[in-house]
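Please open the model in your viewer and keep the sequence panel visible beside it. The tour below proceeds by selections, each followed by a description of what is found there.

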Amino acid sequence: MRIVYRVLGYLIAALVAVQAAAVAYGFFSLGKYIEGGGSIDQAAMNNPNFTFPGVEGLAVHGMFGTMVVPGVALLFLIVGIITQVTTKIRGALLWSVITLVVTVVQVALGLGAHSVPQLGMLHGIVALGLFAVAFMAAHRIGRASAPTTVEAAPARSAEPVAG
Amino acid sequence: MEPDQPAPARRRGGRRLRLIIPIASVLLVITPLGVFWYRSLTGSAYSAVSMGDADWGGGPGGSMAGMAGMDGPPGTGSPAVPITTLVADPKRPADVRVDLVARQQTITVGGQTLDGYTLNGRTPGPTITATQGQLVEVRVHNASVARGLTLHWHGVDVPNAEDGVAGVTQDDIGFGQDFTYRFVADQVGTFWYHSHQVSDAQVAGGLLGALVVRPRGGGPGGSGDRPVAADVVALAHGYGAVRTLDGRPGDQRVPVAPGATARVRVINTDNGPMAVWSSSPYTVVAVDGTDVHRPTAVTERYATVTAGGRLDLAVTAPADGSAARVQIGTDTAVLVGRGAPAVPVRQPSAELDLLSYGAPAALPFDPARATRHFTYSIGRRPGFVHGRPGIWWSINGRLYPRVPMFMVRTGDVVIMDVSNHSGQVHPMHLHGHHAVVLSRNGVAATGSPWWVDSLNVRDGESYVIAFRADNPGIWMDHCHNLTHASQGMVAHLAYEGYSTPFTIGGPHGNDPE
């Protein structure tokens, strides 16, 4: 379970990196398309057959952001619950909860930015925060020594019970 | 050793608790998700009248039987009327006969080859024209469309059985099969037709065409107070990355003499609104197939044609012999005149506001006497649609299939409050009826009665519209961004006492979106 926890934590961090890469790629591709003489309006944006090279970056960002990352974060929470119980590593559950909360905030900012673009600024910054939180959650588990309880047990049984 | 004995029991009990709490927590997270997922599934075949929640709008009615189409129209004492009976007079011979053969094939547009659909070998399909009052008969043969097709007459308030919605008003026209549509062309104006089976893909692929109804008395329709020298259709459609008018990219020429007027019928067949503007003054003479009352010349403003909507513009060729450039969207234009066209003009920053355009006129009903009030509030929220998780469009807070079924009776005056807080624009289309805009964002309409069948509702906007329930049947009321519709942004307007024998899904594979 520790391994699953770490994998999911690092995966979320990696997905944040993917999101950043995808949206930047998509945006620059859009710029190149327009520089090359292309144009785009609402009708084009919503045409399922409309493409320009690199449009998949924007599509991936939207799809991953609304489905994949929240899904993995939810899974991370469930694994966090199980990990906390089976390994007793302090903070395992807490950090998975924090990661989920930051994910929810990040998704909400992303959706809200469609109406209030200024929220997009926060969306960019919270992405860095989410990367950090998920990375640290996974990293802590790797460094944490589970034997906080395992050490105590032999000590207890080795010690003679005082009267 | 005594202190040890109670400890193991405590440890055992504690261990059990330590197992129960996490299992309970995990179940607490997973169970509601599972329930929501399960409730989003629609099953292999379902009826449009059995999905969603009945909304009687504060008016009379409310029996389960009435909603589910088991009882007939109120006061008749008869069982539910199947909508298949709602047809044009079968004994009346047709005045206009059209044969259409639908094919699924590769199409070449603007040098680009892509998968698409044709009607009689072309896309857009042939323009169907009729004179007011004529009975139009269209025989459709499906030669090769794998998933079947239908034809929906967008903006024409046809009898319900001719509405062409797969799974609601008919089964789709299967591979190799035929279907005949018959309706009286009562309304004068510009309309279009398109498939309403797998409509997201088929409309995008070009299974569509224009429909023009002219007034009795012959000749092209007038443009308010002056006759026109040319009457053209400018059907805008994006095939892949190529934006076209009538299937051709770039500029289209309407070679009228200097000082002569052309009527340009702009039809937006794409999934989102387009801006239209001109290098010389233009007049909007009709919106969504209804004439504007006393329109004026527009300068330095762009007009919005929403997805599915139509604007008829009267444009006069400049007296100096040059051609006026009517820009339709960013990539295509109509050049009115014989000479050199005006250089492309930047889109004006100001928008023409139809709320205050033209002069007021009496309405055929009094909205103050409305018997039904409905709310159509568009939002966005996480959940499951068709079993898939995501953040989906909601109507009144609910996701498909728990969308509203707006219940009405023939003769009702209906007021609908449409608002959008979803972050994106939604072009809302009501089948079988035209509604008049009473106000937008609380500001009352002061211009010509703004009749719509396709209304552009932007994020943060709200409209109050009114219509009379004078066309019985079961009608879709949905976003005409067909991708959104396929994601569940669909509601229905249903007349009490009518039933449909058709199902969405099922053996025919009816799939209207």
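Begin in chain A by selecting helix 5 together with helix 1 (2-35), helix 3 (55-87) and helix 4 (92-112): the buried residues of helix 5 pack against these three helices. Helices (H or I, at least four residues) and strands (E, at least two) are DSSP runs, numbered from the N terminus. Contact means heavy atoms within 4.5 Å, and buried means under 20% relative accessible area, exposed over 50%, and partly exposed in between (1.4 Å probe, protein chains only).

Before continuing, note that this is a predicted model, in which local features need pLDDT of at least 70 and side-chain atom pairs count only at pLDDT 80 or more, whereas totals for chains, interfaces and linings use all residues. Residues are numbered from 1 along each chain as its sequence is written, chains are lettered from A and ligands numbered from 1 in the order in which they are written, and side-chain values use heavy atoms, with hydrogens and water left out.

**Helix 5 of chain A**

Select residues 119-143 of chain A. This helix has 25 residues and reaches 36 Å from its first C-alpha to its last, close to the 36 Å expected at 1.5 Å a residue; the expected span is 1.5 Å times one less than the number of residues. Next, display the side chains of A:His123, A:Ala127, A:Leu130, A:Val133, A:Ala134, A:Ala137, A:Ala138 and A:Ile141, which are buried. An α-helix has 3.6 residues a turn, so residues three or four places apart point the same way.

**A:Leu30**

Move to A:Leu30, in helix 1 of chain A. Leaving aside residues up to four places away in sequence, A:Leu30 touches A:Ile40 and A:Phe52. Add A:Val102 to the selection: its C-alpha atom lies 29 Å from that of A:Leu30, and the two residues are 72 apart along the chain.

**The interface of chain A and chain B**

Now show both chains. The contact takes 27 residues from chain A and 37 residues from chain B. Together the chains bury about 2,500 Å², 61% of it on carbon and sulfur atoms; buried area is the accessible area (1.4 Å probe) that two parts lose on being put together, summed over both.

Which residues form the salt bridge? Select A:Asp41 and B:Arg243, whose closest N and O atoms are 3.1 Å apart. The rule finds one salt bridge across this interface, the criterion being a side-chain nitrogen of Lys or Arg within 4 Å of a carboxyl oxygen of Asp or Glu.

The rule also finds seven residue pairs in polar contact across the interface, both residues at pLDDT 80 or more. A polar contact is a pair of N or O atoms within 3.5 Å; within protein, one must be able to donate a hydrogen and the other to accept it, and residues adjacent in sequence count only if both atoms are side-chain atoms.

On the chain B side, select helix 1 (6-40), helix 3 (199-204), strand 12 (230-239), strand 26 (388-395) and helix 4 (482-486), each of which supplies at least two residues to the side that touches chain A. Helix 1 of chain B gives the most, with eight residues.

**Backbone features of chain B**

Most residues other than glycine have a negative phi, and most peptide bonds are trans. Select B:Thr123 and B:Pro124, which are joined by a cis peptide bond with omega of about -5 degrees. B:Pro124 is in the loop between strand 5 (112-119) and strand 6 (128-131). The bond from B:Tyr400 to B:Pro401 is also cis, with omega near 0 degrees, and B:Pro401 is in the loop between strand 26 and strand 27 (404-408).

Next, select B:Asp246, in the loop between strand 13 (242-245) and strand 14 (248-249). Its phi is positive, about 55 degrees, although it is not a glycine, and B:Asp246 is partly exposed, with a relative accessible area of 25%. Is B:Asp288 buried or exposed? At 2% relative accessibility, B:Asp288 is buried; its phi is near 50 degrees, and it lies in the loop between strand 18 (282-287) and strand 19 (290-291).

**B:Asn160**

Finally, select B:Asn160, in the loop between strand 8 (152-154) and strand 9 (178-184) of chain B. B:Asn160 is buried, with a relative accessible area of 0%. Its side chain reaches the backbone nitrogen of B:Ile474 at 2.9 Å. Residues that B:Asn160 touches include B:Ile83, B:Leu86, B:Thr169 and B:Trp475.
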